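Student: Can we go through this structure together? I'd like to know what the labels rest on.

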Amino acid sequence: MFSQKRIVLGVSGGIAVYKAVELLRLLTKAGADVQVVMTRSAQEFVTPLTFQTLSGNPVHTELFNLYQEKEIGHISLADGADLFIVAPATANILGKVACGIADDLLSTTLMATKAPVLFAPAMNVNMYENPVVQHNLTQLRELGYHFVGPVTGELACGWQGTGKLSSPEEIFSMAQALFAPKDLAGERLLITAGPTREELDPVRYISNYSSGKMGYALARAAQQRGAEVYLISGPTALPVPPGVRRKSVVSALEMRDAVLAAMDYSSVVIKSAAVADYRPRQMATHKLKKTSDDMRVELEKNPDILAELGQVKQGRILVGFAAETRDLLAHAAEKLARKNLDLIVANDVTQQGAGFNVDTNIVKLLHADGTVETLPQLSKDEVAHQILDRVVRLLGQRPGQS
Ligand code: PMT
């Protein structure tokens, strides 16, 4: 999504400047060409050399610097941008833009750009709550500037309150959202993610290695593409993607109840959760003691949630996953047919860079008409967008759609 994209990252002065370094890393890793513009006060916190090394481009600091203007002038910086991010955005730079002041390189470039601008404000809570700052923010929003954060928490000045810079991941995700097509607007997506835990006693459970990364990437991508997203998640350490509604569940039975309760409201269901197929027949009320050398646990079958959905599918698009360790295509094709799916995403979880608890996946997409597509190793975000591209196509093929 970011390859071929030129992003100008404006960095204004504040203790949160160090987080802009991490944001730059995320952007360049995703393939963006990033030009960094730093204000004089930003350079007091982190040197331009850090940004230069990570971006691979010279850092722009001076409006009247003959060398920098010759290499790439502020007007071509502004013109060439596909997106302008200001992180951290201080009260000062926000005030300048709101009032049309252009008196240094960053404010001048911002004034000259026609690219979408994303501000990530960061400042002391009292500054943030100041009516002048609030007025500027309202005005900028009305003018079409985009914002992410600030968030509430402990601030660098020791105060608690709103004014903290959003995490680099949140800013990155918002930038992604600005580039994403809004082709899922008006659709309600129900997505499941993560593992389920089947309790044995109050301190032990049966589960699997799912981290939730694949499902959360799907939820994030669908939200970015305009969908209303309801994420039903097993236990994970992942934060809720911005704009997504999450319901946390623990066991397969809880996941089933949550899915069935929400499915009437969804036009698309994507089940990437790794649901335990069996649960202990009995859950001990107290911790099991090691009284003998061996122990048998009796398991009973969990309901197959996806297969149940397949039976009452109606006009809904149903996407499943298949996590396999052998005979990938045969097993996935069998699940696709048996569960009455439109699409199944098959991953061989023995492959390095695929499956559980990694940031990438290697998948094959099996369609109901028998077509099979093989995707290369991609980040889970990219895999999510590839799946959603197919979902958009399937939605377009529904009866009554032209
Ligand atoms: O979470 P990550 O760490 O990012 O890892 C991603 C992943 C490996 C979990 C994901 O890519 C994946 O493959 N998810 C499906 C895992 C799985 O349970 O596969 P399965 O082949 O056992 O199940 C097939 C399908 O039926 C799945 O869509 C599953 O959600 C669904 N199912 C399975 C059992 C059950 N009782 N109810 C179900 O709905």
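Tutor: Sure, and let's begin with a term: a polar contact is a pair of N or O atoms within 3.5 Å; within protein, one must be able to donate a hydrogen and the other to accept it, and residues adjacent in sequence count only if both atoms are side-chain atoms. Now the ground rules: this is a predicted model, where local features need pLDDT of at least 70, side-chain atom pairs count only at pLDDT 80 or more, and totals for chains, interfaces and linings use all residues. Residues are numbered from 1 along each chain as its sequence is written, and side-chain values use heavy atoms, with hydrogens and water left out.

Student: What makes the pair of Lys339 and the ligand a polar contact?

Tutor: A polar side-chain atom of Lys339 lies 2.9 Å from an oxygen atom of the ligand. The cut-off is 3.5 Å, so the pair counts. Backbone atoms join in too: a polar one of Ala273 is 2.7 Å from a ligand oxygen, and one of Leu306 is 2.9 Å from a ligand oxygen.

Student: How much of the ligand does the protein bury?

Tutor: The protein buries 96% of the 780 Å² that the ligand exposes when taken alone. Such areas come from the Shrake-Rupley method with a 1.4 Å probe; for residues, only the protein chains shown count as cover.

Student: Which element gives the largest share of the shell around the ligand?

Tutor: That's strand 16, with five residues. Helices (H or I, at least four residues) and strands (E, at least two) are DSSP runs, numbered from the N terminus.

Student: Why is Ser272 called buried?

Tutor: Buried means under 20% relative accessible area, exposed over 50%, and partly exposed in between (1.4 Å probe, protein chains only). Ser272 has 12% relative accessibility, so it counts as buried. Ser272 sits in the loop between strand 13 (268–271) and strand 14 (278–280), and a polar atom of its side chain lies 2.7 Å from the backbone oxygen of Thr192.

Student: Why does Thr350 get its label?

Tutor: Thr350 has 53% relative accessibility, so it counts as exposed. You'll find Thr350 in the loop between strand 17 (343–348) and strand 18 (360–361).

Student: What makes Glu228 and Arg188 a salt bridge?

Tutor: A salt bridge is a side-chain nitrogen of Lys or Arg within 4 Å of a carboxyl oxygen of Asp or Glu. For Glu228 and Arg188, the closest N and O atoms are 3.7 Å apart, so the pair qualifies. This pair links distant parts of the chain, 40 residues apart: Glu228 is in strand 11 (residues 228–233) and Arg188 in strand 8 (residues 188–193). In general, side chains of opposite charge can pair when their charged atoms come close.

Student: What is the distance between the closest N and O atoms of Glu300 and Arg279?

Tutor: Those atoms are 3.6 Å apart, and the two residues form a salt bridge. Glu300 lies in strand 15 and Arg279 in strand 14, so the pair ties together parts 21 residues apart in sequence. Arg279 has a relative accessible area of 17%, so it is buried, whereas Glu300, at 22%, counts as partly exposed. Both belong to a network of salt bridges with Arg281 and Glu298.

Student: How many salt bridges does the structure hold?

Tutor: There are 24.
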